[in-house]
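Colleague: I am new to this one. Please walk me through the sheet.

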Amino acid sequence: KQLNKGYWIPVNAIERSTSQYISNSDIQTLIGGMPAKHVLLVTDACFAGDLFRGSVEMLPYENTPNYFKNVAKRKSRKALTSGGLEPVMDGGAEGHSVFAYYLLKALATTEGKFFDTYQLFDKLRIPVANNSEQIPELQAIKNTGDEGGQFVFVRK
């Protein structure tokens with residue numbers, strides 16, 4: 001808290017030993033260095049919104065074939081998080097957290113051969129917010145090379 005930085009704490013980390021923590025800065029560096037054209041980080045963790053410090057711009061969603069061609073050409077580095085700068089709920093339906101339950105439901109029920117993270121996010125944001133004390137976020141991860149592209153899901 002004193003450093004105003006977010007950290008990931010691995011399950012096997014020694015409590016109160018920051019040497020085993022992974023900073024959001026390190027996560028951003030690793031994602032920025034990935035050779036993949038599209039990276040989508042999905043995280044269901046407390047204070048995950050710390051990844052988004054600073055503002056970013058995103059292309060607006062359009063339900064057209066040209067939209068999917070356009071966003072597939074551009075590099076993307078996005079994060080879909082279960083909340084912002086607040087604790088998130090573990091207990092939810094069917095043994096999942098509230099976020100995981102609605103994420104899985106959205107993946108199973110989003111229609112169309114192609115859909116992107118905006119569409120997925122639109123299906124889970126309101127149910128998660130209405131059934132917990134958290135509000136999911138979807139944004140580009142700042143300073144990682146995002147060019148406005150999108151992670152596009154292809155239904156098989």
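Modeller: Buried means under 20% relative accessible area, exposed over 50%, and partly exposed in between (1.4 Å probe, protein chains only). Helices (H or I, at least four residues) and strands (E, at least two) are DSSP runs, numbered from the N terminus. This is a predicted model, where local features need pLDDT of at least 70, side-chain atom pairs count only at pLDDT 80 or more, and totals for chains, interfaces and linings use all residues. Residues are numbered from 1 along each chain as its sequence is written, and side-chain values use heavy atoms, with hydrogens and water left out.

Colleague: What is the order of the strands in the open sheet?

Modeller: Two strands pair if DSSP finds at least two bridges between them. β3 and β4 (residues 76-81) are parallel over 6 bridges. β4 and β6 are antiparallel over 4 bridges. The pairing is thus mixed, and the order is β3-β4-β6.

Colleague: Why is one side of β3 and of β6 left without a neighbour in the sheet?

Modeller: β3 spans 38-43 and β6 spans 137-140. Both stand at the edges, so the reason is that each has a single partner strand.

Colleague: Which residue is the bridge partner of Leu 80 in β6?

Modeller: On the β3 side, Val 39 has Arg 77 of β4 as its bridge partner, and Thr 43 stands opposite Thr 81. In β6, the partner of Leu 80 is Leu 138.

Colleague: How many residues of β4 are buried?

Modeller: One face holds Ser 76, Lys 78 and Leu 80, all buried. The other holds Arg 77, Ala 79 and Thr 81, buried as well. The count for β4 is 6 of 6.
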